[in-house]
Amino acid sequence: MIPIAKPLIGDEEREAVDQVLASGQLAQGPQVEAFEGEFARLVDGRHCVAVNSGTTALHLGLLAAGIGPGDEVIVPSFTFAGTAHAVRLCGAEPVFVDIDPATFCIDAAAVDAAVGERTAAIMPVHLYGHPAAMEVIGTLADQAGLLVVEDACQAHGAALGGRPVGTFGAVAAFSFYPTKNMTTGEGGMIVTHDPEVARQARLLRNQGMERQYENEVVGFNARMTDVAAAIGRVQLGRLADWNATRQDHARQLIDSLPGVDTPETVADGVHVFHQFTVRVEQRDDVAARLKDRGIGTGVYYPIPVHRLPAFDLDLDLPETARACREVLSLPVHPGLLEGDIDRISTAVSEVVGA
Ligand SMILES: *Cc1c(COP(=O)(O)O)cnc(C)c1O
């Protein structure tokens with residue numbers, strides 16, 4: 001079976017972990033600090049605060065930026081639930097809007113229509129590794145005096161107009177879960193240009209402490225371990241090559257599947273293909289038949305977040321509903337073996353009849 005995702009862990013990661021274990025410094029320490037400094041190069045030198053997950057990065061990033069009870073945050077409903085959970089965990093309310101069917105990312109016109117009295121922030125998601133419409137959203141946010149918080153959990157290395165994702169918003173969050181474009185096991189990164197937001201994020205990460213036992217605010221233990229950071233440093237060094245491989249695999253699939261509704265990239269965008277997502281009819285049937293042919297697939301995501309029990313809203317978001325019915329992700333990760341892309345495209349052509 002060709003898996004839909006496969007974390008690549010090699011000798012360098014093993015050696016890096018061994019060194020940390022031998023050092024005796026297992027919790028947050030010099031590896032975390034070094035990882036933050038190296039990750040900053042991916043986001044034009046912004047402040048980076050490493051935490052224990054992408055969800056935590058979103059949650060603490062929102063809190064550090066001042067989002068709280070009474071605030072509304074505009075989010076797409078077609079995303080991983082963690083996007084909206086982070087808003088709710090701050091005591092704020094997510095306001096769900098529809099997506100642009102061409103990119104699967106939040107629809108800027110829908111964002112505009114959803115801005116109200118209590119709106120405090122807009123939270124675009126760079127879904128599947130495709131950059132959201134940050135220029136339009138940035139203009140909108142400026143006019144309305146709103147924060148932009150980027151959910152970049154799937155988009156390490158993506159860009160728009162030559163500018164990397166993670167540098168458009170007041171705050172951005174990345175995830176290092178094993179299936180993402182790079183991993184630390186579990187982990188996340190808060191990114192911000194604002195030194196005060198960075199300081200707040202560091203306080204919230206570490207029980208409200210900058211100096212030991214002089215706790216300034218009520219905080220979490222959301223620290224990343226040095227073991228995780230050591231893995232992340234090696235992975236970060238491989239990210240550019242891995243993203244190039246994903247893009248190459250995506251290009252081959254697009255070229256070999258002319259009759260299939262394959263993903264588009266906006267003209268000035270860099271798509272890093274966290275997922276390569278096609279639209280098909282009878283999606284579940286197609287997935288089952290591909291599985292029979294040894295091709296693993298994924299459905300991200302089958303249920304609109306606003307329909308999940310935690311939110312349970314009756315909204316009319318037709319493109320979100322259609323995407324939930326039609327999307328099917330095919331493997332393009334850098335762990336694919338010689339010949340896998342041919343096997344995938346042959347199987348998809350047979351099954352979809354294209
Ligand atoms: C993975 C992901 C998250 C959460 O990251 P974790 O590290 O799993 O907590 C949030 N938003 C999106 C869009 C994601 O893909």
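This report describes the ligand, the empty spaces and two backbone details of the structure shown above.

The model is a predicted one, and each value given here was computed from it.

**The ligand and its surroundings**

The ligand sits in the largest pocket, and the shell around the ligand is made up of 14 residues, among which Gly 54, Thr 55, Gln 154, Ser 175 and Lys 180 come nearest. When these 14 residues are sorted by class, four are nonpolar, eight are polar and two are charged. Helix α3, which covers residues 54-64, gives the most to this shell, with three residues.

Some polar contacts between the protein and the ligand are set out in the table, which lists the atom on each side together with the distance.

| Residue | Protein atom | Ligand atom | Distance |
|---|---|---|---|
| Gly 54 | polar backbone atom | oxygen | 2.7 Å |
| Asp 151 | polar side-chain atom | nitrogen | 2.8 Å |
| Gln 154 | polar side-chain atom | oxygen | 2.8 Å |

Taken alone, the ligand exposes 380 Å² of surface, and the protein buries 92% of that area.

**The largest pocket**

The pocket that holds the ligand contains about 420 Å³ of space. Its lining consists of 26 residues, and those that lie nearest the centre of the pocket are Phe 80, Gln 154, Tyr 177, Lys 180 and Tyr 301. Two elements, α3 and α4 (81-89), each give two or more residues to this lining, and the largest share, three residues, comes from α3. By class, the lining of the largest pocket has 10 nonpolar, 13 polar and three charged residues. Gln 154 therefore appears twice in this account, for this residue is one of those nearest the centre of the largest pocket and one of those that come nearest the ligand.

**The cavities**

Rolling a probe the size of a water molecule over the atoms shows where empty space is left. How many cavities of 30 Å³ or more does the structure hold? There are three of them, and the largest cavity has a volume of about 100 Å³. This largest cavity is lined by 15 residues, of which Lys 6, Pro 7, Leu 8, Lys 180 and Arg 246 are the closest to its centre. The residues of this lining divide into seven nonpolar, five polar and three charged. Lys 180 is thus named for the centre of the largest cavity, and Lys 180 is also named for the centre of the largest pocket.

**Two backbone details**

Where in the chain is Tyr 301 placed? Tyr 301 belongs to the loop between α9 (283-292) and α10 (318-326), and the peptide bond that joins Tyr 300 to Tyr 301 is cis, with an omega of about 15°. Tyr 301 is also one of the residues lying nearest the centre of the largest pocket.

The other detail concerns Phe 104, which lies in the loop between β3 (93-97) and α5 (108-114). The phi angle of Phe 104 is near 70°, which is a positive value in a residue other than glycine.

Terms used:
Residues numbered from 1 in each chain as written. Predicted model: local features only at pLDDT ≥ 70, side-chain atom pairs only at ≥ 80, totals over all residues. Heavy atoms only, no water. Near = heavy atom within 4 Å. Polar contact = N/O pair within 3.5 Å; in protein donor to acceptor, adjacent residues only side chain to side chain. Areas by Shrake-Rupley, 256 points an atom, 1.4 Å probe, with all protein chains shown as cover. 1 Å grid on protein atoms, 1.4 Å probe; cavity = no way out; pocket = protein on both sides within 12 Å on 5 of 7 lines; lining within 4 Å. Sits in = over half its atoms within 2 Å of the grid points. Helix = DSSP H or I, 4+ residues; strand = E, 2+ residues; numbered from the N terminus. Nonpolar A, V, L, I, M, F, W, Y, C, P; charged D, E, K, R; others polar. Points joined across faces, edges and corners; volume = space filled by probe spheres on them.
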